[in-house]
Amino acid sequence: MALGIYEETQRALQQAVEALQLPEDVYEHLKEPQRVLTINIPIRMDDGHIRAFTGFRAQHSNVLGPYKGGVRFHTSVTLEEVKALSVWMSLKCSVVGLPFGGAKGGIVVDPEQLSAHELERLSRAYIRSIREFVGFDKDIPAPDVNTNEQVMAWMSDELSQLEERNVFNTLTGKPLLLGGSQGRKEATGLGVAHVAELAARAFGLTSEPSLQGLRVAIQGFGNVGSEAARFCAQSGAKVIAISDEKGGRYDPNGLDLPALFAYRAEQGSIAAAPLGQAVGPAAPLALPCDVLIPAALEDQITADNAASVQARLVVEAANGPTTSEASEILFQRGIPVVPDILANAGGVIVSYFEWVQDLESYFWAREDVIDRLKRILTDAFGRVYAMHERKAVDLRHAAYMVAVERLAEAMQLRGWY
Ligand code: NAD
């Protein structure tokens with residue numbers, strides 16, 4: 001039977017601890033979040049009746065700094081998923097060298113079924129319920145699936161009203177006017193494209209860190225997929241396929257991206273755009289290309305379809321798009337996979353910059369944000385690539401090992417084992 005998302009995460013952690021020949025004590029610290037909250041959030045609906053929602057916050061490890069992680073609003077949110085995502089955040093912050101631990105939160109809700117006022121009440125009630133556990137030096141929430149700048153603004157306001165002072169530095173992903181950072185919106189997609197450039201050179205697809213002349217296929221045309229498409233094209237790539245949940249477009253000569261963006265702005269989905277040929281939502285995964293960027297959801301490349309991947313390089317923009325069985329198949333086939341905890345870390349890196357800027361009340365120009373983001377990702381890619389070569393493991397195991405090594409060292413310095 002396939003392992004659940006949380007058991008898979010624990011197994012990967014344990015493998016990293018063993019491969020690094022660290023004491024079992026390290027795994028004992030890391031295998032469960034330090035704190036898990038389950039909350040009941042009753043709110044008044046617009047028609048006057050009360051409806052209770054279930055919410056979670058998992059704080060995995062604060063050995064390197066305050067907990068950091070998004071809050072998602074989705075009907076499929078479970079405690080198991082939130083716990084696994086909190087571990088991934090610890091690993092992600094560690095692998096790129098941020099002074100943060102990992103956390104994640106969520107509410108079981110379909111936000112499309114709520115009015116704007118109901119959504120506001122729910123957002124405020126959620127942060128109120130976990131108020132004593134968050135703070136700029138405790139736990140710093142951020143947006144995730146189906147949450148955005150507006151939700152962060154409501155949550156920041158709620159905390160600020162309760163504290164009777166502005167505490168905008170407790171959340172990231174806020175609007176610019178309330179202490180947000182330049183570059184946050186495009187950070188994840190830009191980071192994905194930058195990591196793809198570095199990997200393309202490292203694995204001999206290009207002679208420079210660039211995507212010049214490469215064919216890129218992308219699954220998902222949301223925040224991350226669309227920004228990744230834009231920056232891949234800027235780096236010289238031909239984006240030949242993009243899909244969203246309704247369908248996609250494919251043109252082996254390269255899609256007209258400005259036309260695709262314009263179509264999406266009008267129609268919502270690109271499925272029926274009059275460009276190239278129509279393909280299904282999963283089609284980009286199996287099309288001939290140089291770089292495949294899964295930027296939609298978890299569990300898209302599985303043991304069932306890993307054999308049909310025709311890319312020379314996979315860069316994981318989504319969290320968990322490749323199952324561990326599929327990773328193994330791709331490794332055996334010689335297709336490198338840059339793992340999510342490295343490839344999509346651009347978002348949390350710029351969240352870190354937002355936190356720093358808020359603490360100083362001094363805000364940087366967009367170019368400074370982008371330069372620093374690229375530098376951090378370049379260093380992190382170098383560390384992971386070196387571990388991959390030294391230990392002859394795939395990039396995912398290498399990234400986990402780099403991350404766990406830092407966590408273990410900090411734990412030892414603090415006297416935790
Ligand atoms: P989003 O909701 O803006 O976009 C998701 C896109 O995927 C949409 O275009 C949607 O239509 C498409 N999609 C959904 N199901 C699909 C399917 N079955 N086939 C093809 N396309 C499908 O979300 P996002 O913010 O772009 O996040 C995408 C992924 O990246 C998620 O896994 C998220 O956790 C991860 N991620 C996001 C950020 C960030 O800063 N937004 C940071 C790190 C990781």
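The legends below describe close-up views of a predicted model.

**View 1. Residues around the ligand.**
In this predicted model, 20 residues surround the ligand, and the closest are Thr188, Phe221, Asn223, Val224 and Glu245. Sorted by class, the shell around the ligand consists of 8 nonpolar, 8 polar and 4 charged residues. Helix H6 (184–202), helix H7 (223–234) and strand S7 (238–244) each contribute at least two residues to this shell.

**View 2. Polar atoms beside the ligand.**
An oxygen atom of the ligand lies 2.9 Å from a backbone N or O atom of Val224, and a polar backbone atom of Glu245 is 3.0 Å from an oxygen atom of the ligand. With Asn319 it is the side chain that takes part, since one of its N or O atoms is 3.0 Å from an oxygen atom of the ligand. On its own the ligand has 830 Å² of accessible area, of which the protein covers 77%.

**View 3. The sheet of 7 strands.**
Seen strand by strand, this open sheet of 7 strands has the order S9-S8-S7-S6-S10-S11-S12, and its pairing is mixed. Strand S9 (277–279) and strand S12 (337–338) stand at the edges with a single partner strand each, so one side of each has no neighbour in the sheet. Within the sheet, strand S6 (residues 215–219) and S7 run parallel and are joined by 5 bridges, and Arg215 stands opposite Lys238 in S7. Helix H6 lies across strand S10 (291–294), strand S11 (313–315) and S12, and runs at about 155° to S11; H6 is also one of the elements that supply at least two residues of the shell around the ligand.

**View 4. The hairpin of S1 and S2.**
Strand S1 (residues 35–44) and strand S2 (residues 50–61) run antiparallel, with 10 bridges joining them. Ile39 has Gly55 in S2 as its bridge partner. Between the two strands of this hairpin there are 5 residues, and Gly48 takes a positive phi near 100°.

**View 5. The sheet of 5 strands and the helices across it.**
The strands S1 and S2 also belong to an open sheet of 5 strands, in which the order is S1-S2-S4-S3-S5 and the pairing is mixed. S1 and strand S5 (139–143) form the edges, each having a single partner strand, so that one side of each is left without a neighbour in the sheet. From one strand to the next, the twist averages 20°. Helix H3 (residues 79–95) lies across S1, S2, strand S3 (67–74) and strand S4 (101–108), and runs at about 150° to S4. Helix H4 (residues 116–129) lies across S1, S2, S3, S4 and S5, and its direction makes an angle of about 145° with S1.

Note on methods. Residues numbered from 1 in each chain as written. Predicted model: local features only at pLDDT ≥ 70, side-chain atom pairs only at ≥ 80, totals over all residues. Heavy atoms only, no water. Near = heavy atom within 4 Å. Polar contact = N/O pair within 3.5 Å; in protein donor to acceptor, adjacent residues only side chain to side chain. Areas by Shrake-Rupley, 256 points an atom, 1.4 Å probe, with all protein chains shown as cover. Helix = DSSP H or I, 4+ residues; strand = E, 2+ residues; numbered from the N terminus. Nonpolar A, V, L, I, M, F, W, Y, C, P; charged D, E, K, R; others polar. Pairing = 2+ DSSP bridges. Contact = heavy atoms within 4.5 Å. Axes fitted to C-alpha atoms, helices over the stretch in contact; angles between N-to-C directions.
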